Amino acid sequence: MGGLPTSTVNGFAVHPTNPQVMYVAMRDGIFRSDSAGERWTRAANGPKHVAAVAINPKNPTEVYATMADGTLFRSTDGGARWAEAR
Amino acid sequence: MLKLFSASAALAAALVLATVPASAAEEKGGPLADDTHASGSARQGHSSFGHVHALAVTADGRTLFLGAHSGLFRSEDGGRSWQPVALPSKHHPHLDVMAVAAHPADARTVYVATHEAGMVKTTDGGKDWHEVNAGLGGVDVHGLAIDPREPHKLHAAVRDKGEGIFRTTDGGAKWVRVDDGPGGEVKVLASVNIPTGMGGIFLYAGTAAGLQRNPDCF
C-alpha cells in the first residue's frame, strides 16, 4: 500500500468500470490509486479531514468528497484538482 | 500488498486477523478516529448535518445522498442545496446514517445503513423506505457494500451486538452471517470487481487500521 498513511480510512470509492481505480478519504486528504490499492497518490489541492468520497457512475471523472462537517468538494478530472462545490 | 482482513473459507481466520493491531478496536472515540470532527479551518458545511459518514451518487448521476449523524440528506444540484430525507424510525427522532449504497444500474434503488435501526431500502427513488433487517445480527451497521456484478448481493458490517460481516443475495430480504470481519472499527465497506480466482471478487474495508481487503467467497 505504497503512499497511503497508516491511519483511519473514513471513506472509499471505486470506479464503476475500471476497478483498478479507487479513492480513499482520510484525515490527511484524498488519495487515488490506479493499481487496486498497491500504490497511492494524494490529491495535492484536495481537502483534508475527509469523511467520505463518491464517484458519479454516469461520469466517473466526476468525484465528490465531503469533509466531516459536510463541506462538499468536487473534482471533474478524476481527482487531480478539487474545488468546493457551491 | 494490501492486508487480507480475514481468511477465506480455505484459510485459518486467526492467521490474518493477527495482522491488525490490538489497539485498533480501542480507537473509536480516540484522537485518531475523532480527528475528522475538528474543522481546523473557517469552512462551514451544512450546519444541520452533524458529523458526516457517507456519500453516494445514484446510477443516473443526478442525485447525491449524504449520510450524517443527523440523518439522510439528498441533493439534486450537485451539493449546492440539501433536503432531509425522512426514514422510518420507531424509536429515534432521527437515525445516524453510517453508510449509503446506491444500486449501480437502477437509480431508484438505494440502501442505507444506520447506527440504531439496521438497514433501510428504497426502490422508488427515496419516497418510501422500508427496513431490510431479517437475519441481521444487530442494528448497528457501519459498512455496506453492493456487488457491482450482482446488485442483489450486498455485504454489511455489523458492529457491537451481533457483530460480523453479513451477506444478502436477494436485495436485503434475508441476511446471513458469513465472517467475523476485520479487527477494529469498520468505517467503510466496498465490493470491488476484481476476480479473486476463487469464484468471487474482493471486499475492501476501510478501518481504523487502514485499508484491507479479502475475497468475498466466505
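A nonpolar core is a set of buried Ala, Val, Leu, Ile, Met, Phe, Trp, Tyr and Cys residues joined through C-beta atoms within 7 Å. The exercises below apply to a predicted model.

**Exercise 1.** Determine how many residues the largest nonpolar core holds, and which residues have the most contacts inside it.

*Solution.* Begin with the extent of the core, which comes to 85 residues. Next, rank its members by their contacts inside the core, which brings out Val53 of chain A together with Val100, Ala101, Val112, Leu144 and Ala156 of chain B. Finally, take Val53(A) as an example and set aside its neighbours within four places in sequence: among its contacts are then Phe12(A), Tyr23(A), Ile30(A) and Val63(A), and also Leu55(B) from the other chain named here. As general background, nonpolar side chains tend to be buried together in soluble globular proteins.

**Exercise 2.** Establish the strand order of the open sheet of 4 strands in chain B, and explain why β2 and β5 each have one side without a neighbour in the sheet.

*Solution.* First, read the order, which is β2-β3-β4-β5 with antiparallel pairing. Then consider the edges, where β2 (52-57) and β5 (83-85) of chain B each have a single partner strand, so that one side of each lacks a neighbour in the sheet. From one strand to the next, the twist averages 30°. Lastly, examine one pair in detail: β3 (residues 64-68) and β4 (residues 71-75) of chain B are joined in the antiparallel sense over 5 bridges, and Leu64(B) stands opposite Ser75(B) in β4(B).

**Exercise 3.** Describe the secondary structure and burial of chain B.

*Solution.* Count the elements, which are 1 helix and 16 strands; then turn to burial, where 49% of the 218 residues in chain B are buried.

Definitions and conventions:
Residues numbered from 1 in each chain as written. Chains lettered and ligands numbered in written order. Predicted model: local features only at pLDDT ≥ 70, side-chain atom pairs only at ≥ 80, totals over all residues. Buried ≥ 20, exposed ≤ 12 C-beta atoms within 10 Å, placed from the backbone. Contact = placed C-beta atoms within 7 Å. Pairing = 2+ DSSP bridges. Helix = DSSP H or I, 4+ residues; strand = E, 2+ residues; numbered from the N terminus. Axes fitted to C-alpha atoms, helices over the stretch in contact; angles between N-to-C directions.
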